[in-house]
Every structure is written in C-alpha cells, then in structure tokens.
Amino acid sequence: MLSYQAFYRAYRPQSFAEMSGQTHIKQTLQNALLYNKTTHAYLFSGPRGTGKTSAAKIFAKALNCENGPAKEPCNECETCKSITEGSNTDVIEFDAASNSRVEEIRDIIEKVRFAPSNARFKVYIIDEAEKMTVQAQNALLKTIEEPPEYAVFLLLTENAEMLLPTINSRCVMLKLRNIKDKLIKKYLMESLKVP
C-alpha cells in the first residue's frame, strides 16, 4: 500500500538551523533555552505558511531533548525522535478549530495537573487558538496564569487580536513574518537537491 505524505510535512524543518527566515524568532527562543529563561506560555502569530507549527515543534523538542534543554534539539535521542514522530505523550497537539468548545479545553485543564511521564516538560501546542470560544479561552486563562512548573503552552494563531487580551498579556508574543521569495526558492532547491 502506498503512503502519501504532504510536501510540507515531508520537508518540515527539524531544527532552528533548518528554518528559513524568522531569524528574530529563532534567536529569541534559542536565547531563552541557552540561558534557561523559558516561560510557561508563548503565542506564535503570523500568516499561514510562515513556520508557526515548525517553530513550536522544534522548541518543544529543544525543551525536552535528553541533551538539553538545548539551543538546538539533537534529533537523535528517543525523546526528540518521539516528538518528531508525534508519538510523545507529553507533547500534546491540539487543533482548536475542531475542538473549540469549553468542554475540550476543560479536558486539557484536567490533564495538565498530571506530571510528564517521559519528558522534562508537558508541552501543549494549540493550533488555530483564535478559534476557541470566549468561554473556552476564559477556562484556559486560569491555567495559563498559574500553570504547574512543568507545563508549557504554545498557542499558534493567524489572528492574535481575536484572542482575549488577558491571554495575550500572559504570553511571550512571537510574530512571524512572511518569508522572502528568495529564501523559499533556496530552501526548495536544497530540499530537492537541485544544483
């Protein structure tokens, strides 16, 4: 049986060094990791295709890497591999577009109180965070304000202004920009090994 994998998944960067553009984001996250100054909530905002999910996954790996926290994930330890494969139970990806109701958020809140089972941090990557209902955002707010020390929330959105100002104020804001055409072309040429 043939298996199909979308181009963006097959060639998703696995380290900050592999990411095209977004130097300001990479530097901010790497400095936080290098100097042990990470916090409990980050908001990655920017247009579609700018690397929000890639940056969040790389950051989750760097936080939990068995050789870290490190400026770059090693991508060789069991923790890094399991995060890359999407099988690590302590890195939870949540699509708010499909699970926007307060009941789904309460499920996260209920589970966050349990310590990580095989990683240093329990990381929640909440994609399309702006799609959460106001009630769901309010339910999440208390946990973002007073999370357990091992919990990290990575909220991803194209429209940060659609999130409650109280949520925005509790997060480190990371605004990703459109990537220049020449960087996209360079990355494609390298990925496809075109001379």
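This passage walks through the sheet of a predicted model and the helices that sit against it.

The sheet is an open one, built from 5 strands in the order S2-S3-S4-S1-S5, with parallel pairing. At the edges stand S2 (91-95) and S5 (172-175); each has a single partner strand, so one side of each is left with no neighbour in the sheet. On average, and ignoring direction, neighbouring strands are turned by 15° against each other. Strands in a sheet are held in pairs by backbone hydrogen bonds, and the pairing can be parallel or antiparallel. Here, edge strand S2 pairs with S3 (residues 122-127) in the parallel sense, over 5 bridges. One residue pair can be picked out: Asp-95 has Asp-127, in S3, as its bridge partner.

Now for the helices. H6 (residues 134-145) packs on the sheet and touches S1, S3 and S4 (151-157). The direction of H6 makes about 135° with that of S4. Another helix, H2 (residues 23-34), lies across S1 (41-45) and S5, and runs at about 150° to S5.

H6 deserves a second look. With 12 residues, H6 reaches 16 Å from its first C-alpha to its last, which is close to the 16 Å expected at 1.5 Å a residue. Which residues of H6 are buried? They are Ala-136, Gln-137, Ala-139, Leu-140, Leu-141, Thr-143 and Ile-144. These buried residues pack against strands S1, S3 and S4, and also against two helices, H5 (102-112) and H7 (165-169).

Note on methods: Residues numbered from 1 in each chain as written. Predicted model: local features only at pLDDT ≥ 70, side-chain atom pairs only at ≥ 80, totals over all residues. Heavy atoms only, no water. Pairing = 2+ DSSP bridges. Helix = DSSP H or I, 4+ residues; strand = E, 2+ residues; numbered from the N terminus. Axes fitted to C-alpha atoms, helices over the stretch in contact; angles between N-to-C directions. Contact = heavy atoms within 4.5 Å. Expected span 1.5 Å × (residues − 1). Buried < 20%, exposed > 50% of the residue type's maximum accessible area, 1.4 Å probe, protein only.
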